[in-house]
Each structure stands twice: as structure tokens, then as C-alpha cells.
Amino acid sequence: MNVLVVLGHPRTDSFCGGLADAYQEGACEAGVDVRRLDLADLEFDPHVRTESPEEQPLEDDLADAQQRIEWADHLAFVYPNWWGTMPALLKGFFDRTFTPGFAFSFYEEGEGAGHRELLSDTTAELIVTMDVPPLIYRCLLRRPGTNAIKRATLGYAGIRTTRVTNLGPVEDSSPEKREAWLEKATRLGRSLADGPEPPATRTKRRLTTWLKALRLQFYPMAWIAYTVGALAATGPSDAFSSAVYWLGFCFLFCLEAATVLSNEHFDYETDRRNTFAGPFTGGSRVLVEGELERSDLRGGVRNALALAAVAALAVLVFGAGSLLAMTAAMGVLAVLALGYTVPPLQLSYRTLGELDVAVTHSVGVLLCGFVFLGGSWLDPVPWLLGIPFLLSILPSITLAGVPDYEADRAAGKVTLAVRLGIDGAGTVATATALLAAATGVLLYALAVIPRAYGPLVALSVPHAVAIAWLVRDRLEASAMPGRIDGLMAASLAYIVWFGVVPLVELL
């Protein structure tokens with residue numbers, strides 16, 4: 001491993017200089033290749049005097065610094081915290097060296113506005129001295145300097161900060177305390193023998209990455225529909241106390257995980273192009289940002305499908321429903337769920353993705369819950385419960401294609417938004433929202449399923465009208481796609497009336 005120690009203090013004989021020496025000594029003991037860069041010894045103008053930083057010729061020392069940064073696998077920045085942030089010397093160094101074409105580049109024409117990180121294979125750590133207690137700096141001041149370097153500077157270039165070590169207060173510290181800090185810096189350098197980040201941090205990051213990839217925020221929708229189906233087949237005490245209910249839930253959870261991970265794999269091209277990704281659209285971006293490899297996702301899909309198969313077998317053994325009905329329900333659901341992006345179906349690339357999601361997350365999982373707990377697939381109850389649920393999902397999944405419009409079109413993914421245009425997608429979302437409300441109210445008025453729909457479902461009507469107004473206000477006012485997080489939140493919340501309300505009524 002190649003390690004570059006960057007001393008950002010304007011005096012090399014400072015305590016920061018001693019920390020850099022100690023860290024370098026420890027890194028050498030770890031057997032890594034270490035180089036040193038003392039910014040105080042460089043000759044360069046810290047000011048950007050041209051319209052764009054790359055237009056200003058680099059001094060020889062800065063050109064050499066860029067070569068050293070490109071050489072390094074890991075960067076260790078040692079600097080003092082002055083006025084809550086880095087010294088002017090270090091800030092000027094970043095201004096002059098982290099230029100377009102070196103640290104990042106802008107998207108080429110046709111890929112949308114945005115930037116590409118060019119140093120994403122590099123890690124970094126910060127060793128920072130300060131004259132306030134680190135706890136005060138962290139909790140009260142909220143780490144302004146650390147955030148600036150970690151997120152806005154290094155992060156913008158794709159450099160992942162693996163560790164931040166704050167030491168202080170320094171000014172009134174005893175010689176013994178400083179000696180302890182120097183020894184700590186040496187230990188930090190030695191720890192590079194096990195990699196650029198501590199094992200605990202590495203494990204935590206890996207776990208966080210997988211949780212991010214799984215996109216757990218979307219699982220409750222399937223759980224609600226499944227539970228409604230189970231409760232419709234039996235009472236709440238019988239459903240939740242039944243091992244079959246939990247085995248069926250395990251099957252659905254693992255199938256959803258396999259679906260989400262496969263979507264991440266096969267949607268890579270559109271996710272890579274997407275400049276409007278948000279919490280509801282654009283995927284988890286773990287593949288795009290290099291947090292996981294394609295092989296990791298394939299392994300995750302295999303593991304999830306294996307667990308789903310085990311749970312499915314257990315359901316077939318212990319389930320109370322017809323063996324044929326349970327097998328068919330799980331088989332069709334698995335094909336439709338995975339077929340969203342997995343070849344050869346790839347329904348989301350054929351303008352069938354929105355309907356696929358709506359069917360699988362409403363009628364599909366609802367019917368599973370019903371037949372697993374002993375209900376008959378010929379009973380009209382699960383089908384009738386699923387209709388307004390299905391219609392209520394369509395607005396959100398259709399609108400999700402709006403921020404992704406340009407990226408999907410460029411990648412050949414023909415969603416409803418791509419097929420019909422942004423205005424057309426808005427029309428579909430409005431129409432299905434109003435139709436869901438009308439269907440739910442009609443089922444209540446006719447007392448078709450008296451145990452499932454109460455008067456609360458009437459509140460779906462003003463919610464549907466609100467969605468229609470928001471669609472007109474947010475989409476028709478602009479012909480270009482963009483983030484619509486507020487509209488997405490409103491359309492996702494709309495599902496509550498056709499999922500949570502029946503769930504509460506059936507409990």
C-alpha cells in the first residue's frame with residue numbers, strides 16, 4: 001500500500017509536524033511505502049486567479065503533489081483546527097490541486113449535468129489538533145472543518161475518509177499528554193498493516209452498505225399487503241401466532257431482497273446516468289459509487305434466493321392452504337418480481353414495470369398471505385382487497401420514472417414516463433389515484449368486504465385530489481425532469497388508505 005502523509009501546518013516544527021513524524025514512523029513499521037508532503041515547504045500561489053482553477057498553470061511543486069496523490073492509495077492529512085476549520089495553507093492547496101480533470105470531471109454532453117469522481121480508489125484519514133475538547137467540537141460545533149474536508153473536498157473527488165482523530169485541547173496540554181498523543185499517532189501508522197481502516201469500521205461500513213443496497217424503506221408496503229391477506233383468511237390471534245405466517249414473511253422478505261439487488265445489477269446503466277437520484281428513485285447507487293461490485297450483488301441475489309427457497313419449502317410443508325395454490329402463488333410472484341429487470345422478461349424495459357410492481361406488491365403478496373393461512377384462491381376477498389391497493393401503488397411507481405426520465409431513455413429503459421412523456425406519466429398518476437379512491441369508497445358503500453373498509457377510506461378522496469393538484473403544479477409547470485421528492489412522498493403516503501386502513505380494520 002502506498003501512503004502519502006500530508007502536513008498541513010504552516011510550520012514544520014509544530015506539534016502537528018511531530019504527529020506527522022510519529023505517524024510516518026508507525027507506517028514504516030507497518031511495512032507500507034510512505035512518502036511525505038509538507039505544504040510549508042512548497043512554493044505555490046494559494047489563490048485561484050483565473051476563472052476556473054484548471055486554467056491557472058500549476059507550479060512545479062503542485063504538479064509533483066498531484067503525482068504523489070495519484071500514486072497514493074491512502075492519504076493522511078495532519079493539520080491544526082483554526083477557527084473551526086483548516087489553515088489557509090491547506091485550503092489553498094486544495095483549491096489549486098483538486099482541479100477539474102484531476103480530482104473530478106464534469107459529465108460529457110448528453111449525460112446530464114453533474115460530476116464524476118476521479119480519485120475514488122483512494123482513502124484518507126484526518127489527524128487534527130485543536131484547542132477545544134474534541135467532544136465540544138463534535139457535539140456543539142458539529143465539526144465544520146472535518147465536514148468540509150471529508151464531504152465537500154475529499155468526498156467530491158471520491159476519496160473515502162476512513163478515520164478522523166481529533167486531539168485536544170493542545171494549548172494547555174501537559175508534556176505527558178502530548179507524548180501520549182504522539183504514541184497514538186505512531187499506533188495509527190502501525191495499524192496500516194491491516195489496511196487503511198480499523199476492522200470495526202470496515203465491518204460497520206460493509207453492513208451499512210448492504211443495508212443501503214437492500215433499500216429497506218420499500219419493504220413495509222409488501223408486509224402490509226401480506227398481513228392484510230393473512231388477516232382476511234383468519235383472525236389476528238391466529239395469524240400472528242402461526243409459524244406459517246412468519247415463514248411466509250421470510251419468503252417474501254428474501255424474495256424482495258433478491259429483487260432489489262438484481263434491480264441494482266441490471267439497472268446499472270440507467271443509474272450511472274441518473275443525475276436526479278433521490279431517496280425514492282435512482283436505486284441505492286452502491287454499484288455506481290463503487291461500494292459494492294457486481295459479483296457482490298450476484299452473490300447477494302443467490303443467497304437471498306436460497307433463503308427464499310428454504311422458506312418457501314417450509315411454507316409448502318406447514319401451510320394450511322392448498323399445495324397447488326401456495327406453489328402457484330409463490331412461483332408466479334417470484335417470476336414477476338425478478339422479471340422486473342432480470343432477462344429475458346425485463347418488464348421495466350418494456351413499459352410493463354409499473355404494472356408489475358403494482359401487481360406484485362398488492363394482489364401478489366396479499367394472495368400469498370391469504371392462501372398460506374388456509375384461504376382459497378377462488379375466494380373473491382383477496383382479489384377485491386387487492387384492486388384498490390394495486391391502483392393506489394400506480395401513482396407513486398409511475399411518478400418515480402419522472403426524475404429518471406433522461407437516464408432511462410438513454411439506457412433504453414422504456415418506462416411509462418419514457419413512453420408517454422412526463423405529462424403522460426402525470427396523467428396516469430392522477431387517473432389511478434382518483435380511481436383508487438373511487439374503488440375504495442365504492443367497496444365501503446356496498447359493504448362488499450365489511451371487515452376491511454371503514455369510513456376512514458373516504459379520506460383517500462381529498463388525498464387523491466391533492467395528488468392531482470401536485471402533479472399539475474410540479475410536473476406541468478416544467479417540461480424537464482427533476483427531483484420531485486415532495487410529490488413522491490405524497491403519492492407513497494397515499495397507499496396508507498388502502499393498506500393500513502384495511503390492516504387496522506381487520507385487527
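**Figure 1. Close-up of E406 and its partner in helix 16 of the predicted model.** E406 is partly exposed, because its relative accessibility is 32%. In this predicted model, E406 forms a salt bridge with R409, and the closest N and O atoms of the pair are 3.0 Å apart. Both residues belong to helix 16, which covers residues 405–411. Their spacing of 3 residues is about one turn of the helix. R409, at 47% relative accessibility, likewise counts as partly exposed. Elsewhere in the model, D21, R36 and D38 are joined into one network by salt bridges that share partners.

**Figure 2. Close-up of the salt bridge within helix 11.** The side chains of E269 and R272 meet in a salt bridge with an N to O distance of 2.6 Å. Helix 11, residues 268–273, contains both E269 and R272. The two residues are 3 residues apart, about one turn of the helix. E269 has a relative accessible area of 30% and is therefore partly exposed. R272 is also partly exposed, with a relative accessible area of 21%; the lower limit of that class is 20%.

**Figure 3. Close-up of the salt bridge between helix 6 and helix 1.** Side chains of opposite charge can pair when their charged atoms come close. Here R190 and E29 form a salt bridge, at 2.5 Å from N to O. R190 lies in helix 6 (residues 175–190) and E29 in helix 1 (residues 15–29), so the salt bridge ties together parts that are 161 residues apart in sequence. R190 is partly exposed, its relative accessible area being 34%. E29 counts as partly exposed at 45% relative accessibility. The count for the model comes to 19 salt bridges.

**Figure 4. Close-up of the aromatic pairs at F98.** A pair of aromatic rings is described by the distance of the centres and the angle of the planes. The search of the whole structure finds 16 aromatic pairs. The ring centres of F94 and F98 are 5.2 Å apart and the planes stand at 85°, so this pair is edge-to-face. Both F94 and F98 are buried. F98 also pairs with F102, again edge-to-face, at 6.3 Å centre to centre and with 75° between the planes. The relative accessible area of F98 is 10%, and F102 counts as buried at 7% relative accessibility.

**Figure 5. Close-up of an aromatic cluster and a nonpolar surface patch that contain F253.** One aromatic cluster is formed by Y219, Y226, F240, Y245, W246, F249, F253 and F372. F253 also belongs to a nonpolar surface patch of about 340 Å², together with L207, L211 and L216. Within this patch, L211 lies in helix 7, which covers residues 199–214. With a relative accessible area of 42%, L211 is partly exposed.

**Figure 6. Close-up of a positive surface patch.** R138, K150, R151 and K204 form a positive surface patch. One of its members, R151, lies in helix 5 (residues 144–154). R151 counts as exposed because its relative accessibility is 55%, and the exposed class begins over 50%.

**Figure 7. Close-up of two cis peptide bonds.** G168 and P169 are joined by a cis peptide bond with omega of about -5°. P169 is found in the loop between strand 7 (160–167) and helix 6. A cis peptide bond also runs from P343 to P344, with omega near 5°. P344 is located in the loop between helix 13 (323–338) and helix 14 (353–372).

**Figure 8. Close-up of W83 and A447, two residues with positive phi.** Although W83 is not a glycine, its phi is positive, at about 50°. W83 is placed in the loop between strand 3 (74–80) and helix 3 (88–97). The relative accessible area of W83 is 90%, so this residue is exposed. A447, also a residue other than glycine, has a positive phi near 55°. The loop that holds A447 lies between helix 17 (416–445) and helix 18 (460–474). A447 is partly exposed, with a relative accessible area of 45%.

Methods. Residues are numbered from 1 along each chain as its sequence is written. This is a predicted model: local features need pLDDT of at least 70, side-chain atom pairs count only at pLDDT 80 or more; totals for chains, interfaces and linings use all residues. Side-chain values use heavy atoms; hydrogens and water are left out. Patches are made of residues with over 30% relative accessible area and no salt bridge: like charges are joined within 9 Å, nonpolar side chains (Val, Leu, Ile, Met, Phe, Trp, Tyr) within 5 Å. Accessible areas come from the Shrake-Rupley method with a 1.4 Å probe; for residues, only the protein chains shown count as cover. A salt bridge is a side-chain nitrogen of Lys or Arg within 4 Å of a carboxyl oxygen of Asp or Glu. Lys and Arg count as positive and Asp and Glu as negative; His and the chain ends are not counted. The place of a charge is taken as NZ of Lys, CZ of Arg, CG of Asp or CD of Glu. Helices (H or I, at least four residues) and strands (E, at least two) are DSSP runs, numbered from the N terminus. Buried means under 20% relative accessible area, exposed over 50%, partly exposed in between (1.4 Å probe, protein chains only). Rings of Phe, Tyr and Trp (its six-membered ring) pair if their centres lie within 6.5 Å; planes under 30 degrees apart count as stacked, over 60 as edge-to-face and the rest as tilted.
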